Amino acid sequence: MTLNKPVLPGQMIGIVGGGQLGKMMALSAKEMGFRIAVLDPSVDCPAAQVADWHLLAEYNDLEALEELANRSEVVTYEFENVDVDSLVHIQPLVDIPQGTDLLAITQDRLLEKSFLESNNIVIAPYATIVSPTDIQDAIDGIGYPCVLKTTRGGYDGKGQYVLYSPSDLAPSMNLLKEGTCVLEAWIPFEKEISVLVSGNGQGDIETFPVGENIHRNNILHETIVPARVDDEVIEEAQRIARLIAKEVNLAGTLAVEMFLTNNGGIYVNELAPRPHNSGHYTIEACTFSQFDTHIRGICGWSIPTIELLSDAVMVNIMGDEIFETMDFVTEKMNWHFHYYGKTEAKPARKMGHITILTDDIFDTLEEIYQTSIWD
């Protein structure tokens, strides 16, 4: 089902997934006058707290998805592990502006790599690993260090194993129990960067400023904007993002994660077909947020030119940090505190984030460090 006219305020947007990304999508949509339906199996999930209607069901529950489709003008998703076949099932009933092709590509690392290669985008050398006998030949060609990854389901460092020497071979083989894997060369990167790009499926495409990302234990810790890189890197990173968006006729927001090497080389690492943690700074620091442009894009509205209003640092709040950050809510008057409303705090679980607008990135990074929360 395809709409020929824009979705207008007062109509219902259905969101598959009720986490923090769904919540921030919903908040943006609410400002524009839309009604929100959320499908998620968790009672009192973050997005349900701000939605008009919460359908309590599993993501692949076809009956529930049909109900969501019948009550919504458009349907979107907030994470990339939604069952593609389930969305295909409801496409005759409701418009899914993002489609399912991009979702299928980003769910499978081999499909994603093939897509990027076909568009002449530089990625790390890799090999397909189906059985343990494949890996030695692959390592002979790729060398150490390298990374073994499952083709499906990995995020925040899950589903991957770094190999530094032959002694790492045996423990890495556990990943093959989950199915076909990919062995990637380790890129000796200087920085990790990302670009958010939004489109409306009608040719309007705009990129956000390039962010510099710092990870801890494979989970995003901080995003610094603008990234501390040369102008040529900024231009190339945004060009790559626009190229990908054009190729998939992007509707909504897409994140493109990249490695930057010492000599200025850019390798695309991963695509996320929805708003992204590294784009949270846009809520305060840009003229429009990544969630605003996502909603505008899936509703067929025009996509505005994005301007950076202020340099910014975004820092994630994990489960073992949440209560410490609350000690600073009365002291740090210029910090923007975002708490997601999750009921259970776990150490490696994202519970919120803080965005700090700044005219001195170094001083702000030091200020964050001095709290001793993120030692």
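User: Where is the place of Asn217?

Analyst: This is a predicted model: local features need pLDDT of at least 70, side-chain atom pairs count only at pLDDT 80 or more, and totals for chains, interfaces and linings use all residues. Residues are numbered from 1 along each chain as its sequence is written, and side-chain values use heavy atoms, with hydrogens and water left out. Helices (H or I, at least four residues) and strands (E, at least two) are DSSP runs, numbered from the N terminus. Asn217 falls in the loop between S11 and S12.

User: What is phi of Asn217 near?

Analyst: Most residues other than glycine have a negative phi. Asn217 is not a glycine, yet its phi is positive. The value is near 55 degrees.

User: Is Asn217 buried or exposed?

Analyst: Buried means under 20% relative accessible area, exposed over 50%, and partly exposed in between (1.4 Å probe, protein chains only). Asn217 has a relative accessible area of 72%, so the residue counts as exposed.

User: What is the phi of Ser372, about?

Analyst: Ser372 is found in the segment after helix H12 (361-370). At 42% relative accessibility, Ser372 is partly exposed. Its phi is positive although the residue is not a glycine, at about 70 degrees.

User: Which residue follows Tyr144 across a cis peptide bond?

Analyst: Most peptide bonds are trans. The bond that starts at Tyr144 is cis, with omega near -10 degrees. The partner lies in the loop between helix H6 (132-142) and S6. That partner is Pro145.

User: What is omega near for the bond from Val225 to Pro226?

Analyst: Pro226 is found in the loop between S12 and H8. The peptide bond from Val225 to Pro226 is cis. Its omega is near 0 degrees.

User: Which domain covers 189-371?

Analyst: Domain bounds come from an automatic or database domain assignment. That assignment gives domain 1 (12-96) and domain 2 (125-185). The range 189-371 belongs to domain 3.

User: How far apart are the C-alpha centres of domain 1 and domain 2?

Analyst: Domain 1 takes in 12-96 and domain 2 takes in 125-185. Their C-alpha centres are separated by 35 Å.

User: How many salt bridges does the count come to?

Analyst: A salt bridge is a side-chain nitrogen of Lys or Arg within 4 Å of a carboxyl oxygen of Asp or Glu. By this rule the count is 11.

User: Which residue forms a salt bridge with Asp108?

Analyst: The closest N and O atoms of the pair are 3.8 Å apart. The pair links distant parts of the chain: Asp108 in the loop between helix H4 (101-107) and helix H5 (109-118), its partner in the loop between strand S6 (146-150) and strand S7 (160-163), 44 residues apart. Asp108 is buried at 14% relative accessibility. The partner is Arg152.

User: How far apart are the closest N and O atoms of Glu212 and Arg228?

Analyst: Glu212 in strand S11 (residues 211-216) is buried at 4% relative accessibility. Arg228 is partly exposed, with a relative accessible area of 41%. The closest N and O atoms of this salt bridge are separated by 2.8 Å.

User: Why are Arg239 and Glu236 separated by about one helical turn?

Analyst: Their side chains meet in a salt bridge (2.9 Å, N to O). Both are partly exposed, Arg239 at 38% and Glu236 at 29%. The separation is about one helical turn because, in helix H8, they are 3 residues apart.

User: Which helix gives the most to the negative patch?

Analyst: Patches are made of residues with over 30% relative accessible area and no salt bridge: like charges are joined within 9 Å, nonpolar side chains (Val, Leu, Ile, Met, Phe, Trp, Tyr) within 5 Å. Lys and Arg count as positive and Asp and Glu as negative, with His and the chain ends not counted, and the place of a charge is NZ of Lys, CZ of Arg, CG of Asp or CD of Glu. The negative patch on the surface gathers Glu190, Asp230, Asp231, Glu232 and Glu235. The helix giving the most, with 3 residues, is H8.

User: What accessible area do Phe323, Met326 and Val329 have together?

Analyst: Accessible areas come from the Shrake-Rupley method with a 1.4 Å probe; for residues, only the protein chains shown count as cover. Met326, in helix H11 (residues 322-326), is partly exposed at 35% relative accessibility. Phe323, Met326 and Val329 form a nonpolar surface patch, with a joint area of about 290 Å².
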